Amino acid sequence: MGILKKSVDACEACDRTLEQGTILDGEIATVMGKLVAIKFGEGSFEQGFAVTLQIGEEHERATTEITGRLPSFPEMPLYYSHWQSSYRQIGNRYRLHADQMQVTNVSMVQDCENASHILRARFNTWLRAEEFRPLREKWLERLSSSDEVRVILQTENSQLQLLPWHLWELLERYPKAEIALSSPSYDRIHKPRTLNQLVNILAIVGNSKGIDTQADRALLQQCSNAEVSFLVEPQRKELTEHLWGKNWDILFFAGHSSSNKNGESGRIYLNRTDSLTIGELKYALKKAIENGLQLAIFNSCDGLGLARELADLQIPQIIVMREPVPDQVAKEFLKYFLQGFAGGESLYQAVRQARERLQGLEDRFPCATWLPVICQNPAQIPPTWDELRSTKSEDEEQASLPLSNRRKFKRTVLSSLAVTVLVFGVRLVGLLENPEIQAFDLMMRSRPTEGLDPRLLIITIDDEDLATQRQNGESLIGASISEKSLNKLLAKLNQYQPRAIGLDIYRDFQAKEPDLITRLQQTQNLVGVCKGSDRSGNIKGIKPPPEIPPANLGFSDFIHDRDGVIRRHLLFMNQETTSLCSAPYSFSLQLASLYLHPLGIQTKFTPEGNLQLGKTIFPNLKSRTGGYQNIDANGGQILLNYRSSKEIAEQVKLTQFLSSPINPNAIKNRIVLIGVTAKGDSPDTWPTPYGIPLDEQMPGVLVQAHMISQILGAVQDGRPLLRAWSWWAEVAWIWSWSLIGGVLAWRRLSLPWLALAIGITSSLLYVLCFGLLISGAWVPFVPSALSLVAMGVLMSIYSNSKTKVRVGNEK
């Protein structure tokens, strides 16, 4: 939590330097107001409807939600149908298909007006139902008459969508409120828009038989800061190519159109012979929407069917006429709407004002104010006219990224740097050492098997071997192998010419049997062990076998970590003055050197003090290496790259070796290790990455075998030594994953999707670190994963908090 808190503070500090005069994260910044959603659930006019009312601020989640019901009212569709029938009988030069136009008479106009009054009265009576009253009261409580309110009615019921919601008496109390229709199912187009210098309008003038579309063309040409491309009675191919070919902001259609009887689909008439449904333009329209199309205006008849199909394509905003529209009404609406919208009014206010101004025509065209309706994708924010275009010059546009993207990029870079510094600081003080070591152990255990090392043979002394020696009356005082058995073992081994013999058993006393004394002194390829002293632990060490020459001695000291686990390999060290063991080289290095000597490979040191065998250099560990922070790096230490195998080498028990025939090839030119694996009498076992509990620990002779195998594998086979990256490389690696976390949060994913994305990315990080470990590089996994998660979480929290702060400031 401390890291997140400091990182959020850092984000806020860097963001204040970027915040002057910019638009929020690429979103369209509109005049702030209220957003109301009325959601209809399952139901029908026969059964009633479940209704949910949500009220909140623009750009925010709803802060108020209440549920209620509208009672059954099976007559409502009949009232609407009666009004619709009387309205359509008027026939005022509608922009329907030309063959469907009729002649008007006065009595029909009066019938239409009477039907409209009845429908309006019944509609409001229904909305005053007692079951719906809590929603009305919550509305009045939360909204002021001075608020600018966008009301979105979400329903799949086409009959509900047809009703004259603008006549709701509650809505008429709010002069700056306008209602829009929406489907409950919607999605947001995530591709960033490329703003044009001018508002790009594709104006389609379809079949104009019997109507005047010249006025529409003239009105569009008068728009300021707009570039209008006209397609007059186009062919289908011509229209499709235009939709694909440019980034359009507004799609406009004037001409004849119609919807089918159930209002599920519509049709536009391109010319006198061709007509199209929206489905037949699906791919071209989807491309136009993907390229930034924001608004479609169908200044034609009966457009709700068109709107429903367009909504399925996730177009942000649509303006249609709910019923057949008289030619004069269509022209006047377009004029008033363009005056308001291009003049700076919001989309919703421009529609409301244009719709209400149509009342001046209702003496000749009854219910003209009923016709225009907005269809809204709730995931999108309606733009203003100026927000449809770029206010930059072309040179400025080419010279820089979109401002919001530049701000995001700068904020992400600076925040990721802050997170990286904090995580690396926590790492340097050692707080991440334990989890890094645990991750290292997990990866070590997960590596693919490498098979047995054919250069080694291990003769083990287990509990049964100890018991057999005792049964034979052999003395085991001070050792795990009797002098008789040791003499017999060395004699048998020398028959088969091993290249080196390692006696991993302490013998700090003089042998008694003359034959054994002579054999220990004369076996030139025999290496014995001793243990160095340690003043810090008040350990004096253990003397070597006195019969073995000093040149054939090696220390057996292991370096264990704070948790007692052997992860490092000590190759050489300067023994303390008072140490009982003076051997400068490790037992494993002495045996490996004997093995490599016949191949002409000598032990030497580089000017930097690193051990070199042939062309292979063993670089010494530093106090800060990989996940280690401030360790004791004295002597020649390297990381121990255990051979990934269930068994390191072929093993044979002492009793079995002494009593059975031997395959000469199993010994000749090999290193033979002799050591104890017994668990009963003073067990010599050590915790390793493969097991820490006592029953899972590894016998010391097997640890020595792994160390010898590591040296020989590196020199002869090119098997990689484990190394850590430089300090700067590790910082860059951690920073890169912090940046990735910021980019994931930049995508503004929902919390479940963000968690999934971070989880998948963390898994990829683990796989990469695991693969690099197999190739010999120990790279920071835990700090990188921490930076990734911290950056993703804090940037997501930060973005949400900054959105709320900015919304409050803009209010």
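How many disulfides does the structure hold? In this predicted model, the structure holds one disulfide, and following the chain to its two cysteines offers a way into the fold. The bond joins Cys 530 to Cys 581, with the two sulfur atoms 1.9 Å apart. It links distant parts of the chain, for Cys 530 belongs to strand S17 while Cys 581 lies in the loop between strand S20 (566–572) and helix H18 (587–596), and 51 residues separate the two. Both ends of the bond are out of the open, since Cys 530 is buried and Cys 581 is buried as well.

Other cysteines deserve a look beside this pair. Cys 367 takes part in no disulfide, and the nearest cysteine sulfur, which is that of Cys 112, is 4.1 Å away; a disulfide requires the sulfur atoms to be within 2.5 Å. Cys 367 has a relative accessibility of 6% and therefore counts as buried, and Cys 375, with a relative accessible area of 10%, is buried too, because the cut-off for being buried is under 20%.

From strand S17, which holds Cys 530, the reader can turn to strand S16 (residues 500–503), whose residues are divided between two directions: Ala 500 and Gly 502 point one way, whereas Ile 501 and Leu 503 point the other way, and all of them are buried. This arrangement can be read against a general pattern, in which the side chains of a regular strand alternate between the two faces of the sheet.

Strand S16 has pairing partners in S26 and S17. With strand S26 (residues 671–676), S16 pairs in the parallel sense over four bridges, and within S26 it is Val 672 that serves as the bridge partner of Ile 501. With strand S17 (residues 526–530), S16 also pairs in the parallel sense, here over two bridges, and Gly 502 stands opposite Val 527 of S17. Between S16 and S17 the chain passes through helix H17 (residues 514–522), and the β-α-β crossover made in this way is right-handed.

The path then leads back to helix H18, which follows the loop that carries Cys 581. The axes of H18 and helix H20 (residues 700–717) come within 9 Å and cross at roughly 40 degrees, so the two helices are oblique to each other. This is because an angle under 35 degrees would count as roughly parallel and one of 65 to 115 as roughly perpendicular. As for its hand, the crossing of H18 and H20 is right-handed.

Note on methods
Residues are numbered from 1 along each chain as its sequence is written. This is a predicted model: local features need pLDDT of at least 70, side-chain atom pairs count only at pLDDT 80 or more; totals for chains, interfaces and linings use all residues. Side-chain values use heavy atoms; hydrogens and water are left out. Buried means under 20% relative accessible area, exposed over 50%, partly exposed in between (1.4 Å probe, protein chains only). Two strands pair if DSSP finds at least two bridges between them. A crossover is right-handed if, with the strands pointing away from the viewer, the path from the first strand over the helix to the second runs clockwise. Axes are lines fitted to C-alpha atoms, for helices over the stretch in contact, and angles run from 0 to 180 degrees between N-to-C directions. Angles under 35 degrees count as roughly parallel, over 145 as roughly antiparallel, 65 to 115 as roughly perpendicular and the rest as oblique. A crossing is left-handed if the near helix is turned anticlockwise from the far one by less than a right angle, and right-handed if clockwise.
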